[in-house]
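Trainee: Could you take me through one part of this model in detail? I'd like a close look at the salt bridges.

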Amino acid sequence: QDAGKRFPNLRLAYLSSRTYAGYAKVNLNPEPYSYESAFGVRWLILEQLKGELKAPLALWGPYLWTDGEKGRKDGFTWEAEDATEKDGTHETESGQKKAGGLLLKFLKTDPSSKGWFVK
């Protein structure tokens, strides 16, 4: 609701889970909470489908979570060096490149975004 007030031209919002937090050294948002953040996105989108959410269109964005070094079926992994040494939660430059790469690939290929993003 606030997003629509702050950004009156907002029509579409892509939502994503957060990145892996298994290297967290602080209690900011450790596992399993970072994994479970995707459920919040799912529930919000389901509410929208029921017509109960009055907001800009909310769609799934890129899925950023992976099980650390174990990775996912697509080969995406999150290494210790992708999180800062200070808190283990925020991304280092390598983590930013990984997350940014997923976002860029998503925007260039998803049917809902490629038409306007690639232009």
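**A close look at the salt bridges**

Mentor: Sure, and keep in mind that this is a predicted model. The count comes to five salt bridges, and I'll go through some of them. As a bit of background, oppositely charged side chains can pair when their charged atoms come close.

Let's begin with Lys98 and Asp82. Their closest N and O atoms are 2.7 Å apart, and the two form a salt bridge. Lys98 sits in helix H3 (residues 93-109), while Asp82 belongs to the loop between strand E2 (57-60) and H3, so this pair ties together parts that are 16 residues apart in sequence. Now look at how much of each partner is accessible. Asp82 has a relative accessible area of 2%, so it counts as buried, given that the cut-off is under 20%. Lys98, at 25% relative accessibility, is partly exposed.

Next up is Arg72 with Asp74. Their side chains meet in a salt bridge, at 2.9 Å from N to O. Here the acid is exposed, as Asp74 has a relative accessible area of 54%. Arg72 comes in at 23% relative accessibility and counts as partly exposed.

Then there's Lys50 with Glu47, whose side chains make a salt bridge at 3.2 Å, N to O. In this pair the base is the exposed partner: Lys50 has 56% relative accessibility, so it passes the cut-off of over 50%. Glu47, at 29% relative accessibility, is partly exposed.

Notes:
Residues are numbered from 1 along each chain as its sequence is written. This is a predicted model: local features need pLDDT of at least 70, side-chain atom pairs count only at pLDDT 80 or more; totals for chains, interfaces and linings use all residues. Side-chain values use heavy atoms; hydrogens and water are left out. A salt bridge is a side-chain nitrogen of Lys or Arg within 4 Å of a carboxyl oxygen of Asp or Glu. Buried means under 20% relative accessible area, exposed over 50%, partly exposed in between (1.4 Å probe, protein chains only). Helices (H or I, at least four residues) and strands (E, at least two) are DSSP runs, numbered from the N terminus.
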